Amino acid sequence: QVQLVESGGGLVQPGGSLRLSCAASGSIFRDNIMGWYRQAPGKQRELVATMSSGGNTNYADSVKGRFTISRANAKNTVDLQMNSLKPEDTAVYYCNIRLVLTAGPPFSMDYWGEGTQVTVSS
């Protein structure tokens with residue numbers, strides 16, 4: 001069982017910055033991918049940024065150059081630094097971890113945080 005706790009959401013003006021943090025606890029496998037997804041009103045949940053335990057990153061095109069993901073594997077934490085925020089970034093942001101088993105048959109499992117609201121408005 002894995003639990004994810006998010007923090008750092010809030011209200012910010014366009015052009016401002018926020019830093020989201022997520023801490024994972026429980027049975028964390030060595031091979032995993034941690035990251036952030038978001039869901040805006042009336043839209044489907046979408047990937048924002050992820051980073052594997054090996055250091056590989058993946059960003060949505062809409063946030064490249066503005067958002068930076070980082071993680072501390074030993075602490076099971078992942079952060080998202082969000083700069084130059086735009087109104088279209090407004091959404092509930094969810095922390096995600098995908099655990100990957102490499103011993104035996106391939107297997108993966110996703111766990112999600114409860115979400116934190118990010119609102120960008122003047």
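This report describes the nonpolar core, the aromatic pair, the salt bridges and some surface features of a predicted model.

**Core**

The largest nonpolar core has 30 residues, and those with the most contacts inside it are Leu4, Trp36, Leu80, Met82 and Tyr93. Two or more residues are given to this core by each of the strands β1 (2-7), β3 (18-26), β4, β5 (46-52), β7 (67-72), β8 (77-82), β9 (91-101) and β11 (116-120). The largest share, 5 residues, comes from β9.

**Aromatic pair**

The structure holds 1 aromatic pair. The ring centres of Tyr37 and Trp112 are 5.0 Å apart and the ring planes stand at 70°, so the pair is edge-to-face, given that an angle over 60 degrees counts as such. Tyr37 belongs to strand β4 (residues 32-39) and Trp112 to strand β10 (residues 107-112), so the pair ties together parts that are 75 residues apart in sequence. Trp112 has a relative accessibility of 33% and therefore counts as partly exposed. Arg45 lies over the face of Trp112, at 3.8 Å from the ring centre.

**Salt bridges**

A search of the whole structure finds 7 salt bridges, among them the three listed here with their N to O distances.

| Salt bridge | N to O distance |
|---|---|
| Arg30 and Asp31 | 3.5 Å |
| Arg38 and Glu46 | 2.8 Å |
| Arg98 and Asp110 | 3.0 Å |

The bridge between Arg98 and Asp110 links distant parts of the chain, with Arg98 in strand β9 and Asp110 in strand β10, 12 residues apart. Arg98 is partly exposed at 36% relative accessibility, and Asp110 is likewise partly exposed at 29%. Salt bridges that share partners also join Arg38, Glu46, Arg66 and Asp89 into one network. Within this network, Arg38 is buried, with a relative accessible area of 6%, which falls under the 20% limit for that class, whereas Glu46 is partly exposed at 30% relative accessibility. Arg30, which is bridged to Asp31, counts as exposed at 67% relative accessibility.

**Surface and loop**

Leu101, Phe107 and Met109 form a nonpolar patch on the surface, and together they have about 250 Å² of accessible area. Of these residues, Phe107 lies in strand β10 and is partly exposed, with a relative accessible area of 42%. Gly15 is found in the loop between β2 (10-12) and β3, where the residue counts as exposed at 52% relative accessibility. Although Gly15 and Lys86 are 71 residues apart in sequence, their C-alpha atoms are 6.4 Å apart in space.

Note on methods:
Residues numbered from 1 in each chain as written. Predicted model: local features only at pLDDT ≥ 70, side-chain atom pairs only at ≥ 80, totals over all residues. Heavy atoms only, no water. Phe/Tyr/Trp six-rings, centres within 6.5 Å; stacked < 30°, edge-to-face > 60°. Helix = DSSP H or I, 4+ residues; strand = E, 2+ residues; numbered from the N terminus. Buried < 20%, exposed > 50% of the residue type's maximum accessible area, 1.4 Å probe, protein only. Lys NZ or Arg CZ within 6 Å of the ring centre and 35° of its normal. Patch = residues over 30% accessible without salt bridge, like charges linked within 9 Å, V, L, I, M, F, W, Y side chains within 5 Å. Areas by Shrake-Rupley, 256 points an atom, 1.4 Å probe, with all protein chains shown as cover. Salt bridge = Lys/Arg side-chain N within 4 Å of Asp/Glu carboxyl O. Core = buried A, V, L, I, M, F, W, Y, C linked by side-chain atoms within 4.5 Å.
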